[in-house]
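Me: Please show me the model, and then let us go through the chains and their contacts one question at a time.

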Amino acid sequence: MKSQISLQLNGDKVSAEVESRTLLVELIRQRLGKTGTHIGCDTSQCGACVVHMNGRSVKSCTLLAVQAQGADIVTIEGIAENGELHPMQQAFREHHGLQCGFCTPGMIMSALDLLKLHPDPDDREIREWLEGNLCRCTGYQNIVRSIKAGARAMRR
Amino acid sequence: MYEFNYHRPGTLEEAKKMLSASEDPKIIAGGMTLLPTMKFRLARPSDLIDLGNISKLHGIRDDGDSLFIAAMTIHAEVASNELVRAGIPALAELAGNIGDPQVRNRGTLGGSIANNDPAADYPAALLALDAVVQTDKRSIPSERFLSGMFETALQSDEIVTGVTFSRPKRAAYAKFPNPASRYAIAGVMVAEYADSVRVAVTGAAACAFRAAELEQALSSDFSAAALDGLEIDAGELNSDLHASPEYRAHLVILLAKRAVAAAGG
């Protein structure tokens with residue numbers, strides 16, 4: 001079964017014809033060409049595919065594209081403004097919050113959702129929030145540091 | 001994933017019609033269990049009926065002695081909602097520790113209890129908080145609703161519309177989560193009411209259950225010390241690579257004590 005869906009992606013109206021079983025992450029990457037959102041485990045565990053849907057962080061490998069009909073989707077490509085990195089991206093860069101970088105888009109999208117609830121999170125809140133985001137390089141120390149720095153920059 | 005027909009009805013009545021018109025339909029709520037199951041090809045429904053667009057299935061209401069939470073309310077909403085935090089804070093706390101933030105942003109109360117995973121958190125709340133499950137047809141007391149491993153009293157064409165939780169004097173939930181999945185290796189919720197204490201255990205057996213002995217002990221003395229020396233029979237408990245039945249039996253008593261202490265007992 002194919003259906004025509006339309007949604008907002010990083011502020012732009014987009015539409016596509018998709019099969020019912022097409023995953024949101026497949027739509028975003030393969031059809032709409034935004035490859036910043038990664039597929040890591042494809043089993044809802046690693047969080048590399050985290051995007052925002054109607055303002056909340058979700059794993060786009062565990063959502064059907066058809067479920068995003070009418071939704072407002074923001075991916076990692078949608079957070080920089082006027083050619084300048086978002087403060088959270090800048091913080092990850094400055095504080096070595098990434099090594100291979102594969103998990104980074106998900107980490108950043110997840111962190112931005114945390115800051116909506118806790119604009120000034122402590123280490124424990126950050127670590128608990130990252131339960132659904134796996135990094136196999138950094139040991140998380142610098143990710144936590146980056147998120148704190150990013151949060152500081154965003155409060156300014 | 002195998003292909004299927006997708007429907008997004010706007011009303012319960014429409015959803016019912018689609019259910020009866022489909023060959024092998026499945027209802028999808030948050031999809032946090034169903035979609036991974038379909039991706040693994042462990043389920044192959046002919047039709048998915050998505051309840052996400054039915055406004056009647058959203059919302060939280062304070063009914064004085066009880067709280068009504070509609071079926072499609074996501075865990076993150078239960079965790080942060082002011083009515084829940086004020087009325088039954090232990091329930092907000094429980095919901096805020098399900099899975100990870102992204103699961104809590106999609107997973108729903110109705111979906112979780114209809115799936116009745118033996119290691120899910122909500123079944124403990126259903127039993128401890130003397131909950132009644134509301135469907136489009138009837139009201140089902142939680143003890144009858146949760147009928148076995150991944151089994152409920154729901155008929156194939158019945159839809160959960162919400163849950164009514166009785167407001168306790170005090171309550172708390174303590175769980176020992178699997179460090180990877182955050183499912184409960186064991187979880188215990190205790191709730192004190194004017195005339196009784198209810199203790200519900202999840203994660204430890206094929207289905208969540210009430211621990212009568214612990215309830216009795218806490219009814220006369222709501223303190224962690226009242227549970228000293230009590231034992232849970234390991235005979236019926238789960239055994240897997242995470243924990244033996246004996247270890248789970250030990251955890252149940254330990255977590256019950258922690259829950260009582262957290263509730264201020």
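Me: What share of the contacts in chain A with a separation of 6 or more comes from residues 24 or more positions apart?

Reply: This is a predicted model, in which local features need pLDDT of at least 70 and side-chain atom pairs count only at pLDDT 80 or more, while totals for chains, interfaces and linings use all residues. Residues are numbered from 1 along each chain as its sequence is written, with chains lettered from A and ligands numbered from 1 in the order in which they are written. Two residues are in contact if their C-beta atoms, placed from the backbone, lie within 7 Å. Among the contacts of chain A with a separation of 6 or more, the part due to residues 24 or more positions apart is 59%.

Me: Why does the radius of gyration of chain A agree with that of a compact globule?

Reply: The radius is taken over C-alpha atoms, and the globule rule is 2.2 Å times the number of residues to the power 0.38. Because chain A has 156 residues, the rule gives a value near 15 Å, and the chain itself has 15 Å.

Me: In what order do the elements of chain A run from the N terminus on?

Reply: Helices (H or I, at least four residues) and strands (E, at least two) are DSSP runs, numbered from the N terminus. Chain A has five helices and five strands, and their order is β-β-α-β-β-β-α-α-α-α.

Me: Which element gives the most to the side of chain B that touches chain A?

Reply: The contact joins 18 residues of chain B to 22 residues of chain A. On the chain B side, two or more residues each come from β1 (5–7), α2 (34–39) and α6 (101–104). The element that gives the most, with three residues, is α6(B).

Me: How far apart do the C-alpha centres of domain 2 and domain 3 of chain B lie?

Reply: The domain bounds, which come from an automatic or database domain assignment, are 58–166 for domain 2 and 170–262 for domain 3 of chain B. The C-alpha centres of these two domains are separated by 19 Å.

Me: Which helix gives the largest share of the largest nonpolar core?

Reply: A nonpolar core is a set of buried Ala, Val, Leu, Ile, Met, Phe, Trp, Tyr and Cys residues joined through C-beta atoms within 7 Å, where buried means that 20 or more other C-beta atoms lie within 10 Å of a residue's own. The largest such core has 131 residues, and V188(B), M189(B), V190(B) and V252(B) have the most contacts inside it. Its largest share, eight residues, comes from chain B, from residues 245–262 of helix α11.

Key:
A residue is buried if 20 or more other C-beta atoms lie within 10 Å of its own, exposed if 12 or fewer, and partly exposed in between; C-beta atoms are placed from the backbone.
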